[in-house]
Amino acid sequence: MRSDEPSRPPAESTARVSPYVLFRRSRLPLAELEDLRFDEAWARIDESRRLQEDCAQRAAEVSDRLAACVPQVDQAVRAELVRLRRDVYNQRADPAARRMDVVQPHLDADTLAGVREWFDLVRRTRRHEEASRSLFDDRMRSARAGFARLFEHDSMARSIQLSGDQLYESLRRYTSGEMGSVKPSRLRVLESSLVNFAYRAALKPSPFGRFTEVGAFPTDLPEAGHAVSEPRTYSTSTLNRVLVNWLSTGLRRVEGGIDLCQVLLNSSLRVDDKMIEFVGLVADTSEHGLSETVVRLKRGGVVDRVLAVMDGGTASVPEVLAALTELTGNDEASRKALRTLMRIELLYVSPGFDEQDPAYSERLAGVLRAGTTRAVSVLSGHLDTLRELETTLSDAPAEKRGPLLRAAAQAITDIAEVCEMESPPAEISRAPVYEDLWTPDRPATWSRDAVAASVPALEGLWRLSSMLDYGQTKRLGVYHFAATTFGDRETVPLLTFFEKLVQLSEAEQDAVFWGHASSAAGTFVAQREQALRDLGEQFVPEDGVVRITPEALKDACAGVDDCVDPDSITFRVQFAGGAPAPDVVVNGVLTGYGVYFSRFSSFIEGSSAAPEDWTLRSAVREHLRKAFPGQVDLNMVAGLNFNLHPPLTDRTLNYPGTWPTAPELKAYSLDKLMIRIDHAHRGLCLWDPELDEPVNLTPMNFMLPIVVPVLYNLLEVLSPTIRYNYAPMDDIGRAMGHRGYPGSSPRLMVGDVVASRRTWTVPARDIPGLSELSKDSYPALLRFDQWRREQGLPQHAFVLTQRLDEYNLLSGLVEEIPRDWSDFRHLTRASVHKPMYVDFRNPYLVRSFAKSALTRDDVYASIRECIPAPDEYGGPGPAAAEEFFVELYRD
């Protein structure tokens, strides 16, 4: 749509902004990177290029004059004059100078003056080029001289230390001068790592250690009354929950360990006079040796003993063993029976408290201290080592953190040895503790008015994101399975539904979740593609920008049947352009309903912009009670996630094997719940037959449900989750016929909101001199800069380096659901999934970019314009990048 095209008046928005906002702020002021700026050197280089252009132009003019002289000179001189003319034309100054002695007497005064002027211009250009190179080398040395100061910044050293103690020690020794002489290749690795960390700490506000601080405030944040004289930042550290659970698993394997634990009855258990049934595991021939199913056991003997002692749902291991021993007659047989019941997941053995409890590791340590065997005592000592890391890390300087981290690494190795089990994956053991920094201080760039004005545009993007969410076809696929399996039935017991689903092979389950057999899903996809084409056909780029109204966006999406919008969504946004009317820039979308905020509500305690008793958690809980009073938490957090997610509502669904949450919450269990099949709208929901009402699940944990049980996947379908890897222009491009890795695209403006940044896609194989650039070649850098400008690429950008298969996996464009952690290990490289900032005139950043592009074959560089621009930071603007999480809802 052209910007001057008339549009119909906007409809009144039905969306509201939730009464809380979260922000993330980079902690390294961009001004601290002044030593890494090469502006003066490039200004000199650009002047050299202008002189080179003048030289070329003057050479052409002089060459023409020399050509005109050729017929006029003696035959004996003519050949040498022709050679001089060629040398001048090709700007070979040295050979041309050697020919002047022979040719000079035969040139007229004007021509000779022209030649001499060209020689003077060449000499001046060469001096300028030499000075440019000298200034460039000085800036490189100046940058290196500032590395020690940069490394010691509060946002840097201790964050790098958490990412890897070995890297930290190498950088510490290098920046302090302890390392001595270093091989050039090793030097480049260390410098690139440090510089990349620095720009991440200034321009990429994603939580990790001390790089970033987070805060929260009420949406109606008033104007600041006065500036904060001293910024306030508070640190909190938490042991990796996966690591602690791994240790508790090991506790059950050592002598005397299991006797300290509690036994939990499967929350899906249904009991009648003759039989029990529950969601559990059975042996099979798969690579894992087990598969999910509904397990049925006859009443009597062991089963009845267990049901009697577990009448309250939980009991201690000694109590269960005692009850079994009355039947079996000896402890060894009882323990064997207990292990069998654990293997099929009728019973779960754990420390006996909610793993979302903030005091989880402390309570586990208390359990271990009660042990009486040597093995438990050893584990207790190792957990104390991990606990010391958790409790002392926040206030510890880097020199004290190193021994703590090394002791924790050794403790993990020793735990694996004592428990005779494999160490956890490197992704877990490398990050045994997470440090978060929070601040009660105000953000610098928040604009309440800009957000209010952007709501119509965000509502249109809400509709678009809902339509593009992969959960739409998943929902239709599972509905098709329900309708095919159960016909016209409107309610089916959850266990019955689940049993039919897991009777399918893994490939057939994938087909259900992808909607392959559903004609409605096929129609949905076709209509969605048409909606995207309709949008694409309206786009008319003007100066690299396409514009569309929120109403046109919603109209295009309105033609898609069976598109279900959740009643809440979260936008990641930044503000660009500065006061008084900044632009809202969308970075991505997440699930709403307070889900994203739950992770941070465990430690953000207040805001200087709110009443004294205001906390993020209380604000979220109060809002959900009012807007979505029937919401129900699931007390299970799975997928690619190692963090705490405290409950947000007053109700909870107890997932099998997860210790029940706080007793004051109303609890649901799977044994009593039904699945209601909505044939009119081709959807499903959880149903409570006792109250005859839906069980509205809080959307699942915001991380991807990868490598999770089928039951968890099913429950995700029943929750209003947003799982869209936000890339609207990529999706529109595919609908318009583009195949392969997404192509270049203009900036997308929806109203006044920057909905998608302009992007340039370049195959790495088409970028000149990558190998030389990765080794700091100055001539290669100049050639690359010339090429970049010829391609119209910006100087400042955020860049991803990906293969097509990596892009497809991260975007959900795959035909098979990954089922193993190894399927994702190659994606841990940050440049694959997290755009890295690159100033294409900063040799350190260009070096990193080149190296990243060379790591594997068939890589594409996705180059995105930098909005906000780097020059917006510092002075009257913010010191570093800020990003906000703005949640919209309809009640």
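Me: What makes the meeting of the side chains of aspartate 436 and arginine 599 a salt bridge?

Reply: Happy to walk through that one. In this predicted model, the N to O distance between aspartate 436 and arginine 599 is 2.8 Å. The cut-off is 4 Å from a side-chain nitrogen of Lys or Arg to a carboxyl oxygen of Asp or Glu, so the pair qualifies as a salt bridge.

Me: How many salt bridges are counted between domain 3 and domain 4, and what area is buried between them?

Reply: The count is two salt bridges. About 2,800 Å² is buried between domain 3 and domain 4, with carbon and sulfur atoms giving 63% of that area. Glu292, Gln356 and Trp438 supply 25% of what domain 3 buries against domain 4, more than any other three residues. In terms of contacts, 33 residues of domain 3 touch 32 residues of domain 4, and the C-alpha centres of the two domains lie 28 Å apart.

Me: Why is strand E23 called largely enclosed?

Reply: Five of the five residues of E23, which spans residues 759–763, are buried, so the strand is largely enclosed by the rest of the structure. Buried here means under 20% relative accessible area. Both faces are covered, with Thr759, Thr761 and Pro763 on one side and Trp760 and Val762 on the other. That fits the general pattern: in a regular strand, side chains alternate between the two faces of the sheet.

Me: How do you know that E23 and E26 pair?

Reply: Pairing needs at least two bridges, and E23 shares five with strand E26 (residues 860–865), in the antiparallel sense. Tryptophan 760 stands opposite isoleucine 863 in E26.

Me: Why is arginine 682 called partly exposed, and what is its phi?

Reply: Its relative accessibility is 30%; partly exposed runs between 20% and 50%, so arginine 682 belongs in that class. Phi of arginine 682 is near 50 degrees, a positive value in a residue other than glycine. Most residues other than glycine have a negative phi. Arginine 682 sits in the loop between strands E18 and E19.

Me: What class of exposure does aspartate 776 fall in?

Reply: At 27% relative accessibility, aspartate 776 counts as partly exposed. Aspartate 776 also has a positive phi, about 70 degrees, and lies in the loop between helices H27 and H28.

Me: What makes the peptide bond from isoleucine 867 to proline 868 cis?

Reply: Its omega is near 0 degrees. Proline 868 is in the loop between E26 and strand E27.

Methods:
Residues are numbered from 1 along each chain as its sequence is written. This is a predicted model: local features need pLDDT of at least 70, side-chain atom pairs count only at pLDDT 80 or more; totals for chains, interfaces and linings use all residues. Side-chain values use heavy atoms; hydrogens and water are left out. Buried means under 20% relative accessible area, exposed over 50%, partly exposed in between (1.4 Å probe, protein chains only). Helices (H or I, at least four residues) and strands (E, at least two) are DSSP runs, numbered from the N terminus. Domain bounds come from an automatic or database domain assignment. Contact means heavy atoms within 4.5 Å. Buried area is the accessible area (1.4 Å probe) that two parts lose on being put together, summed over both.
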